[in-house]
Amino acid sequence: MKQYIVAGNWKMHKDIPESRIFVSNILDKLIKQQRSTIILCPPFTALFNVYELIRNTSIALGGQNMHSEPKGAFTGEISGEMLLSAGCQYVILGHSERRHIFGETDDFIRDKVKRALQVGLKPIICVGEKLNERQSGETLDVVRRQCDSALSVVNEQEIGHCVIAYEPVWAIGTGVVATPQQASEAHSMIRKLLSAKYGAENAEVIPILYGGSVKSSNAASLIQAQDIDGFLIGGASLIEDEFVRIAEIVEDYVKQREL
Ligand code: PGA
């Protein structure tokens, strides 16, 4: 069955007390979601505290990044095993802020994807073009290259543990959201690519999330668009009412679809 996901990427926001208060305040509302998966991705320092609050619920925990090596002299880095031991099931990899602020390459991200799957974490693989790439008509080429690289280490059994997130860089944190048509075009290309690599049946159930200025005011039109299976949310995931509302919109959509 297809999985629909609403994931909150808190980025470098919320210390431990703030994280605990935030999760306590929205927990009752989020656990009502039956058909969509909620994933919270707090900063590393708050992971375990958040895990303690959600451990007996259907809400899942995700890291925002990890290193590709299991251990070693990598000051400031976190391994997949460490994320697992803090309660994570998911990890965001290749986020545009990692690619463009911290210079992570396609190859490094590919190695992280491989490692995440080896340790039993589900990677949320982020792809997306920059504004100049869209303007010069390269969007689909960029997204294809990023997907091809990250998925080059993923076999047919493992693809079922992966989530793809299409996040156009120009839409992240800018308030400029992709139109449902723009998002759909990229998502459909990704679905085709998945289908060519892993077969249509496998491709159909791999969640492809949209990210970039998702809010409660635009979530309904985006979730209805072809091949959009949920959201990776930054800014709006930090606001209790906004995050809950977006989760409700996705849940209502999925339930309606299944009627
Ligand atoms: P945004 O961020 O919702 O604040 O645009 C999305 C993301 O970076 O995942």
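**Entry 1: polar contacts of the ligand**

I began with His95 and found one of its polar side-chain atoms 2.6 Å from an oxygen atom of the ligand. The model I am reading is a predicted one. I then turned to the backbone and looked up Gly234, where a polar backbone atom is 2.8 Å from a ligand oxygen. For Gly235, I noted a backbone N or O atom that lies 2.8 Å from an oxygen atom of the ligand. I next recorded the ligand's area: taken alone, the ligand exposes 280 Å², and the protein buries 95% of that.

**Entry 2: the ligand's surroundings**

I listed the residues that surround the ligand and obtained 13. The closest are Lys11, His95, Glu167, Gly173 and Ser213; His95 is also the residue whose side chain supplied the 2.6 Å distance. I sorted the shell by class and entered four nonpolar, seven polar and two charged residues. I also checked which pocket the ligand takes up, and the space proved to be the second largest pocket.

**Entry 3: salt bridges**

How many salt bridges does a search of the whole structure find? I recorded 18. I looked up two of these pairs individually. Arg191 and Asp227 meet through their side chains, with 2.8 Å from N to O. Arg110 pairs with Asp111, and I noted 3.1 Å between the closest N and O atoms.

**Entry 4: exposure of the Arg110 pair**

I asked whether Arg110 is buried or partly exposed. Arg110 has a relative accessible area of 23%, and buried requires under 20%, so I entered Arg110 as partly exposed. Asp111 is likewise partly exposed, because its relative accessible area is 31%.

Conventions:
Residues are numbered from 1 along each chain as its sequence is written. This is a predicted model: local features need pLDDT of at least 70, side-chain atom pairs count only at pLDDT 80 or more; totals for chains, interfaces and linings use all residues. Side-chain values use heavy atoms; hydrogens and water are left out. A residue is near a molecule or strand if one of its heavy atoms lies within 4 Å of it. A polar contact is a pair of N or O atoms within 3.5 Å; within protein, one must be able to donate a hydrogen and the other to accept it, and residues adjacent in sequence count only if both atoms are side-chain atoms. Accessible areas come from the Shrake-Rupley method with a 1.4 Å probe; for residues, only the protein chains shown count as cover. On a 1 Å grid over the protein atoms alone, a cavity is a set of points where a 1.4 Å probe fits but cannot get out, and a pocket is an open set with protein on both sides within 12 Å along at least five of seven lines; lining residues have an atom within 4 Å of a point. A molecule sits in a cavity or pocket if more than half of its atoms lie within 2 Å of its grid points. Ala, Val, Leu, Ile, Met, Phe, Trp, Tyr, Cys and Pro count as nonpolar, Asp, Glu, Lys and Arg as charged, and the others, Gly among them, as polar. A salt bridge is a side-chain nitrogen of Lys or Arg within 4 Å of a carboxyl oxygen of Asp or Glu. Buried means under 20% relative accessible area, exposed over 50%, partly exposed in between (1.4 Å probe, protein chains only).
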